[in-house]
Amino acid sequence: MREIFAGMPWWVKWIAVPVIAIVVFGGLIASVVAFVVGLLFKILIFVILVGGLVFVVRKFLSSSSGSDW
């Protein structure tokens, strides 16, 4: 592989090849990025909901009775 690129100009290595890779794999890259962003959003929503549930349960238990178990 190194011998193939040895005789090529710099713009082929640093511009043309990455552009071709983005054109060929662009849909795949976009779908992977969308999946990761969606997963992070779902994890964030999950953490917020669990935190809210813990807060509500603690608030309810502390205000409902003063006696300990």
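Helices (H or I, at least four residues) and strands (E, at least two) are DSSP runs, numbered from the N terminus. Keep in mind that this model is predicted: local features need pLDDT of at least 70, side-chain atom pairs count only at pLDDT 80 or more, and totals for chains, interfaces and linings use all residues. Residues are numbered from 1 along each chain as its sequence is written, and side-chain values use heavy atoms, with hydrogens and water left out.

**Exercise 1**

Work out which helix holds Ile-48, and whether this residue is buried or exposed.

Step 1. Look along the chain: Ile-48 sits in helix 2, which covers residues 10-64.

Step 2. Grab the cut-offs: buried is under 20% relative accessible area, exposed is over 50%, and partly exposed is in between (1.4 Å probe, protein chains only).

Step 3. Ile-48 has 52% relative accessibility, so it counts as exposed.

Step 4. Now check a distance: Trp-10 is 38 residues away from Ile-48 along the chain, and their C-alpha atoms are 49 Å apart.

**Exercise 2**

Place Pro-18 and Ala-34 in the chain and classify how exposed each one is.

Step 1. Pro-18 belongs to helix 2, and Ala-34 is in helix 2 as well.

Step 2. Pro-18 comes out at 34% relative accessibility, so call it partly exposed.

Step 3. Ala-34 has a relative accessible area of 48%, so it is partly exposed.

**Exercise 3**

Explain why the chain is more spread out than a compact globule.

Step 1. Count the elements: the chain has 2 helices and 0 strands.

Step 2. The radius of gyration is 27 Å, well over the 11 Å from the globule rule for 69 residues, so the chain is more spread out than a compact globule. (That radius is taken over C-alpha atoms, and the rule is 2.2 Å times the number of residues to the power 0.38.)

Step 3. Add the spans: along its principal axes, the C-alpha trace stretches about 80 × 20 × 15 Å.

Step 4. Finish with burial: buried residues are 1% of the 69.
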